[in-house]
Amino acid sequence: MILSSVIETIGKTPLVELSRIRDVLKLDGRLLAKLDYLNPGFSKKDRAAKETIEAARARGELAKGQTVVELTSGNMGTGLAIVCGVLGHPFVAVMSEGNSEERARMMRALGAQVIMVPQAKGSKPGEVSGEDLALVDVEAQRLTKELSAFRADQFERFENTQAHETGTAPEIWEQSGGTITAFCDFVGSGGTLGGCARFFADHDVRCYGVAPDNKEHPIQGGGYDMPDLIHLKTANLAGTETVSGQDAAKYAQLLARHEGIFGGYSAGANLAAAVQLLRGPEAGGVVAFLVCDSGLKYLSTDLWSEMHAQ
Ligand SMILES: Cc1ncc(COP(=O)(O)O)c(C=O)c1O
């Protein structure tokens with residue numbers, strides 16, 4: 001089959017059983033990983049980018065050739081750069097200097113203009129805080145006004161959750177033959193967890209948030225310590241698993257070494273949380289999670305330089 005553009009390759013990612021890790025860790029239950037790092041922008045955020053831009057164009061809210069602006073940790077921006085590039089919209093990504101440099105390079109290669117915002121006083125490179133993100137938001141708001149642009153607004157717009165309610169979650173349900181009993185996801189905007197939780201609510205799948213155990217952490221893409229996320233307001237979550245930055249790295253390394261799956265920090269955080277669930281409230285169950293992005297996005301970070309996994 002010949003597709004009309006790369007946008008059509010977004011979603012429908014494979015679901016893989018982690019039986020090697022299950023055996024190494026002697027777990028009671030099953031782990032299923034959804035390989036969203038195989039999307040064209042190498043992250044799950046391609047789904048939200050596609051849904052948001054296509055819906056805004058269909059509604060007439062985004063005019064032909066109009067500029068798009070978004071605050072991003074790099075992944076939403078990469079998805080938007082791809083979708084906007086193909087559909088003919090100039091795209092401006094606003095990102096914290098705390099996010100890894102390869103993300104900015106990739107967005108520029110895809111045609112985006114990338115504005116880097118200095119971190120708040122006291123913040124560390126590689127560790128983007130809620131405060132850092134607030135500074136990025138101020139700049140994104142200013143640019144949206146100045147350029148009369150469309151703001152993709154992943155923290156506000158419904159399409160961010162919709163992409164996962166109508167895509168990610170039903171795909172997992174169908175691919176697993178309706179066998180999963182729990183799902184967990186590291187929270188950034190909460191779009192993935194909120195959208196999946198809406199679908200899974202009708203299928204008796206318990207949904208858990210994943211959060212860092214510390215305000216300062218290396219898990220890019222989330223863990224901003226925002227208690228009032230719109231996308232999680234109506235989600236009926238079973239609980240939240242906390243994970244240390246060191247465990248996120250250790251489990252990302254386990255995933256690479258034993259399963260050949262090269263994910264980023266948040267994939268490691270999700271796996272660590274899924275293992276905690278099988279060792280706790282979900283013992284004997286089937287836990288699904290996302291490999292949110294590619295380990296290639298972290299070659300300049302400590303993720304692959306310090307080996308934590310045995
Ligand atoms: C690598 C990574 N993991 C997790 C998340 C969090 O996903 P969500 O915004 O759907 O909560 C993001 C969001 O940008 C991300 O880039």
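Let's start with the space inside this protein: 27 residues line the largest cavity, and those nearest its centre are Lys44, Lys45, Gly188, Ser189 and Gly221. This is a predicted model, and the ligand in it sits in that largest cavity. Here is a quick tour of the cavity, the ligand's surroundings and its polar contacts.

**The cavity**
- The volume of the largest cavity is about 280 Å³.
- Counting cavities of 30 Å³ or more gives two.

**The shell around the ligand**
- The ligand is surrounded by 17 residues, and the closest are Lys45, Asn75, Ser189, Thr192 and Ser266.
- Sorted by class, this shell holds 10 polar, four nonpolar and three charged residues.
- Domain 1 (6–43 + 160–298) and domain 2 (45–151) both contribute residues to the shell, so the ligand lies between the two domains.

**Polar contacts and cover**
- On the Thr192 side chain, an N or O atom is 2.5 Å from an oxygen atom of the ligand.
- Asn75 also offers a polar side-chain atom, which lies 2.8 Å from an oxygen atom of the ligand.
- For Ser266, the partner is a nitrogen atom of the ligand, 2.7 Å from an N or O atom in the serine side chain.
- On its own the ligand has 390 Å² of accessible area, and the protein covers 98% of it.

**Worth a look in the viewer**
- Lys45 and Ser189 are good places to begin: both are among the residues nearest the centre of the largest cavity, and both are also among the closest to the ligand.

Notes
Residues numbered from 1 in each chain as written. Predicted model: local features only at pLDDT ≥ 70, side-chain atom pairs only at ≥ 80, totals over all residues. Heavy atoms only, no water. Near = heavy atom within 4 Å. Polar contact = N/O pair within 3.5 Å; in protein donor to acceptor, adjacent residues only side chain to side chain. Areas by Shrake-Rupley, 256 points an atom, 1.4 Å probe, with all protein chains shown as cover. 1 Å grid on protein atoms, 1.4 Å probe; cavity = no way out; pocket = protein on both sides within 12 Å on 5 of 7 lines; lining within 4 Å. Sits in = over half its atoms within 2 Å of the grid points. Nonpolar A, V, L, I, M, F, W, Y, C, P; charged D, E, K, R; others polar. Domains from an automatic or database assignment. Points joined across faces, edges and corners; volume = space filled by probe spheres on them.
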